Amino acid sequence: SGLTTSTVNFPVLWEGMQSSGVAIQAVLDEVVATKSDLEALLLSTTSGVPLYHSGAFADDELAQASASNLFSTAALQIKKMRVGEVKTMTAFYENSVLLHVNIDPLVLTCIASSGRSHVI
């Protein structure tokens with residue numbers, strides 16, 4: 001039947017993420033290290049709170065928060081249009097491409113150079 005927000009015990013999920021944080025961080029680091037097109041990965045909540053990060057902006061908390069908040073801010077505005085839930089969002093900038101994937105209650109943000117043909 002699949003995983004839905006109604007079938008997830010969020011306190012238990014959060015506790016599991018905290019205890020497996022090293023594993024999550026290692027996976028993010030490995031993906032960024034093995035994908036030359038990928039500059040960074042950010043894992044945040046749908047409300048924009050950064051949880052894990054790897055690659056570019058690793059030491060820049062303001063950049064992490066800004067990238068994480070892009071999705072939540074845009075999703076809120078899109079919700080007002082009553083067109084449904086935002087599943088993915090892509091933003092093209094002069095030097096970068098951001099891909100936000102909504103995996104409720106989390107958002108995975110991928111950051112790549114704008115001249116790349118693919119991200120992952």
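In this predicted model, P105 lies in the loop between strand 4 and strand 5, the latter spanning residues 106–113. The peptide bond that joins D104 and P105 is cis, with an omega of about 20°. Most peptide bonds are trans, and most residues other than glycine have a negative phi. A second backbone feature concerns that angle: R82, a residue other than glycine, has a positive phi, near 60°. R82 is found in the loop between helix 3 and strand 3. Its side of the picture is completed by its accessibility, for R82 is exposed, with a relative accessible area of 78%.

These two loops belong to a fold of three helices and five strands. Followed along the sequence, the elements appear in the pattern α-α-β-β-α-β-β-β. The protein has 120 residues, and buried residues make up 32% of them.

The five strands form an open sheet with antiparallel pairing, in the order 2-1-5-4-3. At its edges stand strand 2 (50–55) and strand 3 (88–92), each of which pairs on one side only. From one strand to the next, the twist averages 15°. In general, strands of a sheet pair through backbone hydrogen bonds, either parallel or antiparallel.

The pairing of strand 3 with strand 4 can be followed in detail. Strand 4 covers residues 96–103, and five bridges join it to strand 3, the two running antiparallel. Together they form a hairpin, with three residues between the two strands. Within this hairpin, T88 stands opposite V101, and A91 has L98 as its bridge partner.

Which side chains of strand 3 are buried, and which are not? The side chains alternate along the strand: M89 and A91 point to one face and are buried, whereas T88, T90 and F92 point to the other face and are not.

Across from T88, the residue V101 belongs to strand 4. V101 counts as partly exposed because its relative accessible area is 24%, and the class of partly exposed residues lies between the limits of under 20% for buried and over 50% for exposed. V101 also offers a link to a distant part of the sequence: L43 is 58 residues away along the chain, yet the C-alpha atoms of the two residues are separated by 9.7 Å.

The surface can be considered next. Rolling a probe the size of a water molecule over the atoms shows where empty space is left. The largest pocket has a volume of about 240 Å³. Its lining consists of 13 residues, and those nearest its centre are A75, L76, K79, E85 and V86. Helix 3, which spans residues 61–80, provides the largest share of this lining, namely five residues. By character, the lining residues divide into four nonpolar, five polar and four charged.

E85, one of the residues nearest the centre of the pocket, also takes part in a salt bridge. Its side chain meets that of K87, with a distance of 3.6 Å from N to O. How many salt bridges does a search of the whole structure find? The search finds one. K87 itself is classed as exposed because its relative accessible area is 54%, which is over the limit of 50%.

Terms used: Residues numbered from 1 in each chain as written. Predicted model: local features only at pLDDT ≥ 70, side-chain atom pairs only at ≥ 80, totals over all residues. Heavy atoms only, no water. 1 Å grid on protein atoms, 1.4 Å probe; cavity = no way out; pocket = protein on both sides within 12 Å on 5 of 7 lines; lining within 4 Å. Points joined across faces, edges and corners; volume = space filled by probe spheres on them. Helix = DSSP H or I, 4+ residues; strand = E, 2+ residues; numbered from the N terminus. Nonpolar A, V, L, I, M, F, W, Y, C, P; charged D, E, K, R; others polar. Salt bridge = Lys/Arg side-chain N within 4 Å of Asp/Glu carboxyl O. Buried < 20%, exposed > 50% of the residue type's maximum accessible area, 1.4 Å probe, protein only. Pairing = 2+ DSSP bridges. Axes fitted to C-alpha atoms, helices over the stretch in contact; angles between N-to-C directions.
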